[in-house]
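Q: Please take a close look at one part of this model, the six-stranded sheet and what packs around it, and then place it within the rest of the chain. I am new to this structure, so start with any term that I will need.

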Amino acid sequence: MKVASAVKIGDMKDPDPEKRGVVEILDVPVKKPGAGEVLIKVAYCAICGSDPHVIGGIFGWEPPFGIGHELSGVVAEVGPDLLTDIKIGDRVGGNFRNTCGACYYCTNAMEQYCENATEEPGMAEYVLWNEKQCVKLPDDVPLKTGCLIEPTSIAVRAMDKTNIKIGQNVVVSGGGPIGLLNLQLINIYGAANLTLLEPNPARRELALKYGAKHVFDPLTDDVRAETMKITNGHGFDVCLEVSGIPSAAELLVDIAAKCARLVYVAQYPRDYNLPLNLYDQLYMKELDITGVFVSPYTFSRTAQIIGRLDLGDLTAVVYPLDQVKEAFEAHLTGKYPKVLVQCNPNLE
Ligand SMILES: [Zn+2]
Ligand SMILES: [Zn+2]
């Protein structure tokens, strides 16, 4: 079967083509489902903002390795001894991480830090998952939007960590796919003065469509002054940083209200340290700062809510698996909120 694979590690945007990371289709054997496992015929796999970082070598994996973790598909084969009622023909999405359930972290409600987690590349014709990774897609969720269960689960996990209360002032920094999904979820929840900070005008436009009340360009607008105007001088009660940009990470500290919750949802450069004045921000302001690492315990809830989200703009650009290079080129232009790869035709 065909698997989109990183065959050379490197910055995908390196001006020197010799140094750039390279993605190619490799041919590998299809695995046979063992006990508790299901073989999924992949319909769609979306490119994640983290994929170029993985190809860039952030995890130190040795090439070649398969990529892709935001997928939907149809169960093609099931192994023996399933505990759930998953069967051939079921339409599924889910969690790309197969956790062990037995280690210290799995048995203490921190399965995101499982010591034995494994993952199979999902930008492929088939992927082998444990049944517990799968969630069935509701009938009204097509496979094309179903592949967004994983990124939406990140937004759900970010919501979990906000401890948000109805009517609080909320800012989202970064209008990429996760930021836009978070805007929609926060809007459903009921925030006041929902604000997006994003330099790209097309993404600010989408944010307004998804329920943002204010949008600002953090590079040209005086975000501190605007924040004080909007929030009667108090700042934002809930601040989500989704851009992964250090300057944006720092701006949020300044525009947070007293006792605000700051959730850093993105993957930041490994050598970046956030400057934080502990007297001003923790003693005088009691800021509550946290992060998000993948999305444990969110998938079945995400499947229940995803049908209420507007995912048309996030699923508009689709490339076939054979054109995975072109798909990554399109992703790297930053012109599209999301790029999908269709791994098998004619699956609905
Ligand atoms: Zn992702
Ligand atoms: Zn574990």
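A: One term comes first: a residue is buried if 20 or more other C-beta atoms lie within 10 Å of its own, exposed if 12 or fewer, and partly exposed in between. The model described here is predicted.

The sheet is open, and its six strands follow the order S13-S12-S11-S14-S15-S16 with parallel pairing. The edges are taken by strand S13 (214-216) and strand S16 (288-291); each has a single partner strand, so one side of each is left without a neighbour in the sheet. From one strand to the next the twist averages 15°.

Within this sheet, strand S14 (residues 236-241) and strand S15 (residues 256-264) run parallel and are joined by five bridges. One of the residues involved is Glu 241, whose bridge partner in S15 is Tyr 264.

Helices lie against these strands. Helix H3 (residues 149-162) lies across S14, S15 and S16, and runs at about 150° to S15. Helix H4 (residues 177-189) also packs on the sheet, where it touches strand S11 (169-173), strand S12 (192-197) and S14. The direction of H4 makes about 175° with that of S12.

Two further helices meet each other. The axes of helix H6 (residues 223-230) and helix H7 (residues 246-255) come within 10 Å and cross at roughly 35°. The crossing of H6 past H7 is right-handed. On the H6 side the contact involves Val 223, Arg 224 and Thr 227, and on the H7 side Leu 251, Asp 254 and Ile 255. By type, the residues of this contact are three nonpolar, one polar and two charged.

Now for the chain as a whole. The domain assignment gives domain 1 (2-148 + 311-342) and domain 2 (155-291). Their C-alpha centres lie 28 Å apart. Where the domains touch, seven residues of domain 1 are in contact with six residues of domain 2. The domain 1 side of that contact divides into two nonpolar, three polar and two charged residues.

Elsewhere in the chain, strand S18 (residues 339-342) pairs with two other strands. With strand S3 (37-46), S18 runs antiparallel and shares three bridges, and Tyr 44 stands opposite Gln 342 in S18. With strand S17 (residues 317-320), S18 pairs in the parallel sense over four bridges; there the bridge partner of Val 318 is Leu 340 in S18. In a regular strand the side chains alternate between the two faces of the sheet. Both faces of S18 are covered, with Val 339 and Val 341 buried on one side and Leu 340 and Gln 342 buried on the other.

Val 28 gives a contrasting case. This residue sits in the loop between strand S2 (22-27) and strand S3 (37-46). Val 28 has 15 C-beta neighbours inside 10 Å, and therefore counts as partly exposed. Apart from neighbours within four places in sequence, Val 28 is in contact with Met 1 and Val 3. Ala 109 is 81 residues from Val 28 along the chain, and the C-alpha atoms of the two are separated by 35 Å.

Definitions and conventions: Residues numbered from 1 in each chain as written. Chains lettered and ligands numbered in written order. Predicted model: local features only at pLDDT ≥ 70, side-chain atom pairs only at ≥ 80, totals over all residues. Axes fitted to C-alpha atoms, helices over the stretch in contact; angles between N-to-C directions. Left-handed = near helix turned anticlockwise from the far one by under 90°. Contact = placed C-beta atoms within 7 Å. Nonpolar A, V, L, I, M, F, W, Y, C, P; charged D, E, K, R; others polar. Domains from an automatic or database assignment. Pairing = 2+ DSSP bridges.
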